[in-house]
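Me: Please take me through this model by question and answer, with the cut-offs stated where they matter.

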Amino acid sequence: MTALDLGRLAGILLLAAPPAAFAQTPSASPTSSAQAWPERTIQAIVPFAAGAANDIVGRIVLEQVSRQVNQPIVVENRPGAGGTIGVTAVAKAEPSGYTVLVHSSSFSAAYSLYKSLPYDTLNDFTAVVALGKTPTVLVTAPSKGFKTAGDLIAAAKARPGAMNFASAGIGSVSHLAAERFRLSAGIEAQHIPFRGPNEAFTEVMAGRIDFYFLPLAPALPLVKEGQLVALAVSTDARAAALPEVPTTAELGLKDSAYLFWTGLFVPAKTPRAIVDKLYEECGKALQVGAVKERLAKVGTEPMPMSIDEFGKYFREDVLSTAKLMQQVGIKPAD
């Protein structure tokens, strides 16, 4: 077995169903498969590696959903091609409610990042429920000596184009959050894309990269340990997990907010009854005290929306992300 096989195997987690002793009594003679759903294992595909922000959030919520519906949920990580491999698998899956997609703001970015996709972002999926929002946080190495985001901005303006910033790849959340900050602050800085967040972390902590924006969940432990310094969060309100860190809006940076969200999607032709039940069960899970506590620990906050509201939000996010990419000159790849 190769290292890649081992990595993929490690990314698959079986969220076991509750013991049979606690199973609910089956309803009598359901008239349709939609009414009976779920009757077997549900597969949840995360199109990024284990440990990514949407992977963390998805596992926390789906573990509780599994208990509620008395069925196992297998979370499978299918990374590659900017998340499009995993998304394509869901687009081609039977619309029965037994294959779901856990995705994030990166789903919106992929729409404009590639000239063509093997799926239709806006028409091949139904947006079911927003699982939470996670602030993106501006971090730097302690060795850089920046105490505030204002210090960083002043240094960048003093040496136009001399500073650099990391991202987990062109068009990634970390790239777009930094570009929005850069445009709002009126600074010039060189973009250094990496193949993923781990490489970017290493370079930032070593001081070879000046700053980095990323979702709070993976950054929080390193900030708490003092390996990174958090200078600002790119949300309208301060993050509950880092209440002492100001927002970019507090710094007077207009239109600098960049929200990282995680949500659940299903193939577009999935029966509405199943979509409604998925929404209901995820909503219940998000109200469980232990789930709320675990999400809070990774910096994820509630994002209450109806099914229709989340669908509208997703479409608007796709279009606003496309506009941002045009502004910063990101051209679609083949």
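**Strands, helices, loops and a pocket**

Me: Which residue in β10 is the bridge partner of S104?
Reply: Strand β4 (residues 99–104) and β10 pair in the antiparallel sense over 4 bridges; two strands pair if DSSP finds at least two bridges between them. Helices (H or I, at least four residues) and strands (E, at least two) are DSSP runs, numbered from the N terminus. Within β10, S104 has as its bridge partner T262.

Me: What pLDDT do local features need in this predicted model?
Reply: Residues are numbered from 1 along each chain as its sequence is written, and side-chain values use heavy atoms, with hydrogens and water left out. In this predicted model, totals for chains, interfaces and linings use all residues and side-chain atom pairs count only at pLDDT 80 or more, while local features need a pLDDT of at least 70.

Me: Why is β10 largely enclosed by the rest of the structure?
Reply: Buried means under 20% relative accessible area, exposed over 50%, and partly exposed in between (1.4 Å probe, protein chains only). Strand β10 covers residues 259–267, and it is largely enclosed because the number of its 9 residues that are buried is 8.

Me: How many bridges join β5 to β10?
Reply: Strand β5 spans residues 125–140 and runs antiparallel to β10. Along this pairing, V129 stands opposite L264, and P135 stands opposite L259. The number of bridges joining β5 to β10 is 9.

Me: Which residue in β9 is the bridge partner of V137?
Reply: β5 is joined to β8 by 4 antiparallel bridges, and V137 stands opposite L214 in β8. β5 and β9 also pair in the antiparallel sense, over 4 bridges. The bridge partner of V137 in β9 is V233.

Me: How many of the 16 residues of β5 are buried?
Reply: β5 is largely enclosed by the rest of the structure, which follows from its count of buried residues. Of its 16 residues, the number buried is 14.

Me: Which residue in β3 stands opposite V46?
Reply: Strands β2 (residues 42–46) and β3 run parallel and are joined by 5 bridges. β3 covers residues 73–77, and 4 of its 5 residues are buried, so it is largely enclosed by the rest of the structure. Opposite V46 in β3 stands N77.

Me: Through which helix does the chain cross from β2 to β3?
Reply: This β-α-β crossover is right-handed: with the strands pointing away from the viewer, the path from the first strand over the helix to the second runs clockwise. The helix on the way spans residues 53–69 and is α3.

Me: What space lies in the largest pocket?
Reply: A pocket is found on a 1 Å grid over the protein atoms alone, as an open set of points with protein on both sides within 12 Å along at least five of seven lines. Grid points are joined across faces, edges and corners, and a volume is the space filled by probe spheres set on the points. For the largest pocket, the space is about 940 Å³.

Me: How many residues line the largest pocket?
Reply: Lining residues have an atom within 4 Å of a point. F48, A168, S172, G196 and P197 lie nearest the centre of the largest pocket, and the elements giving two or more residues to the lining are α3, α5 (105–113), α7 (173–185), α8 (197–205) and β8 (211–215). The number of residues in the lining is 40.

Me: How far does α7 reach from its first C-alpha to its last?
Reply: α7 has 13 residues, 10 of them buried, so it is largely enclosed by the rest of the structure. Buried residues in α7 include H175, F181 and R182. The expected span of a helix is 1.5 Å times one less than its number of residues; α7 comes close to the expected 18 Å, with a reach of 18 Å.

Me: Which residue is joined to W37 by a cis peptide bond?
Reply: Most residues other than glycine have a negative phi, and most peptide bonds are trans. Here omega is about -5°. The partner of W37 sits in the loop between α2 (33–36) and β2, and that partner is P38.

Me: What relative accessibility does D255 have?
Reply: D255 lies in the loop between β9 (229–233) and β10. D255 is not a glycine, but has a positive phi of about 55°. D255 counts as exposed because its relative accessibility is 62%.

Technical notes
On a 1 Å grid over the protein atoms alone, a cavity is a set of points where a 1.4 Å probe fits but cannot get out, and a pocket is an open set with protein on both sides within 12 Å along at least five of seven lines; lining residues have an atom within 4 Å of a point.
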